[in-house]
Amino acid sequence: MNELESLQHPLPSAEEPPPCCDAVPGGGQAGTTFDGNLFLIGFMGAGKSTVAGAFHALCGMEVLEMDEEIERRAGLSISDIFSTLGEESFRQMETELITTLEPGRRFVVSCGGGTPMREVNVRAMRRRGAIVWLTATAETVLVRVADSNSRPLLEGHKDRDYIQAMMNQRRPKYQAAADIAVATDGKDAAEICGDILAALAERSGANSQEG
């Protein structure tokens with residue numbers, strides 16, 4: 001039995017293909033349907049979970065929430081994993097989860113904010129799909145995480161300067177990992193999906209010309 005069978009919805013059959021993403025409301029004509037796995041990376045509050053849900057609704061892609069699946073497997077909340085087992089144990093759980101995902105399964109994966117900080121994770125994601133960096137300003141992130149108590153690294157530090165400093169620290173890793181980058185500020189989820197698909201189509205076309 002595939003290790004992911006316990007967490008995924010049934011995949012669409014060949015007779016009943018998933019809805020096409022060629023036209024995404026709010027995002028215009030994307031011009032492509034992405035058939036592989038998408039890994040959404042970015043800082044906490046960048047919109048990864050929301051965008052993953054939109055890809056499921058609009059394109060029929062299955063959603064994998066990394067934090068939720070790690071909590072399920074560990075039987076602990078993310079906060080409890082950090083406090084009892086430590087951050088390094090949590091990071092290892094992230095790596096183990098990524099390696100269970102097979103290439104070409106059409107999952108959209110909402111990654112934890114620190115997932116791309118480990119090179120082993122980046123290599124594993126690249127072998128299994130495309131990496132999309134969702135960006136947002138520190139001001140946007142602060143508004144989005146203000147009422148959340150599930151982000152251990154921000155507890156007691158929910159202010160713009162702290163968030164900006166952490167974003168600056170992580171930006172080089174995000175940039176190095178990403179196949180494409182898409183800004184999320186002031187956009188709804190459908191528009192962001194359209195932007196992602198358009199950028200993937202442009203990248204695919206550029207790669208084809210180079211080849």
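Helices here are DSSP runs of H or I with at least four residues, numbered from the N terminus. On that basis, Thr50 is found in helix 1, which spans residues 48–59. I shall return to Thr50 shortly. Please keep in mind throughout that this is a predicted model.

Let me begin with the protein as a whole. Its secondary structure comes to eight helices and seven strands. The protein has 211 residues, and 45% of them are buried. If we take the contacts between residues at least 6 apart in sequence, 73% join residues at least 24 apart. The accessible surface comes to about 10100 Å², and carbon and sulfur atoms account for 50% of that area.

I turn now to helix 1 and Thr50. Is Thr50 buried or exposed? Its relative accessibility is 54%, and the cut-off for exposed is over 50%, so Thr50 counts as exposed. In sequence, Thr50 is 138 residues from Asp188, yet the C-alpha atoms of the two are 9.2 Å apart in space.

A second pair of this kind involves Gly194, which lies in helix 8, residues 189–210. Gly194 has a relative accessibility of 0% and therefore counts as buried. Its partner is Phe55: 139 residues separate the two along the chain, while the distance from C-alpha to C-alpha is 9.6 Å.

Next, helix 3, residues 78–85. Which residues of helix 3 are buried? They are Ile78, Ile81 and Phe82. Around the axis these residues cover an arc of only 95°, which puts them on the same side of helix 3. On the other side of the helix, Ser83 and Thr84 are exposed. The buried residues pack against helix 2, residues 66–74, and against helix 4. Just after helix 3 comes Gly86, with a positive phi of about 100°.

Positive phi brings me to Arg106. Most residues other than glycine have a negative phi. Arg106, by contrast, is a residue other than glycine with a positive phi, near 60°. Where is Arg106 found? The residue sits in the loop between helix 4, residues 87–99, and strand 5, residues 107–110. With a relative accessibility of 14%, Arg106 counts as buried, because the cut-off for buried is under 20%.

Let me now move to helix 6, residues 138–145, whose buried residues are Ala138, Thr140, Val141 and Val145. Viewed down the helix axis, these residues fall within an arc of 155°, so they line one face of helix 6. Their cover includes helix 7, residues 160–177.

How do helix 6 and helix 7 cross? Their axes come within 9 Å, at an angle of roughly 115°, and the crossing is right-handed. On the side of helix 6, the contact involves Ala138, Glu139, Val141, Leu142 and Val145. On the side of helix 7, Arg160, Ile163, Gln164 and Met167 take part. By type, the residues of this contact divide into six nonpolar, one polar and two charged. Of the buried residues of helix 6, Ala138, Val141 and Val145 are among those that meet helix 7.

My last residue is Ala136, in the loop between strand 6, residues 129–135, and helix 6. At 13% relative accessibility, Ala136 counts as buried. What does Ala136 touch, leaving aside residues up to four places away in sequence? Its contacts are Ala46, Val141, Arg144, Met167, Thr184 and Asp185. Two of these names have already come up, since Val141 of helix 6 and Met167 of helix 7 belong to the contact between those helices. Ala136 also has a counterpart distant in sequence, namely Gly42, which is 94 residues away along the chain and 8.4 Å away in space, C-alpha to C-alpha.

To close, I would recall two points. In helix 3, the buried residues lie on the same side, and in helix 6 they line one face. In the protein overall, 73% of the contacts between residues at least 6 apart join residues at least 24 apart in sequence. Thank you for your attention.

Technical notes
Residues numbered from 1 in each chain as written. Predicted model: local features only at pLDDT ≥ 70, side-chain atom pairs only at ≥ 80, totals over all residues. Heavy atoms only, no water. Helix = DSSP H or I, 4+ residues; strand = E, 2+ residues; numbered from the N terminus. Buried < 20%, exposed > 50% of the residue type's maximum accessible area, 1.4 Å probe, protein only. Contact = heavy atoms within 4.5 Å. Areas by Shrake-Rupley, 256 points an atom, 1.4 Å probe, with all protein chains shown as cover. Arc of directions from axis to C-beta. Axes fitted to C-alpha atoms, helices over the stretch in contact; angles between N-to-C directions. Left-handed = near helix turned anticlockwise from the far one by under 90°. Nonpolar A, V, L, I, M, F, W, Y, C, P; charged D, E, K, R; others polar.
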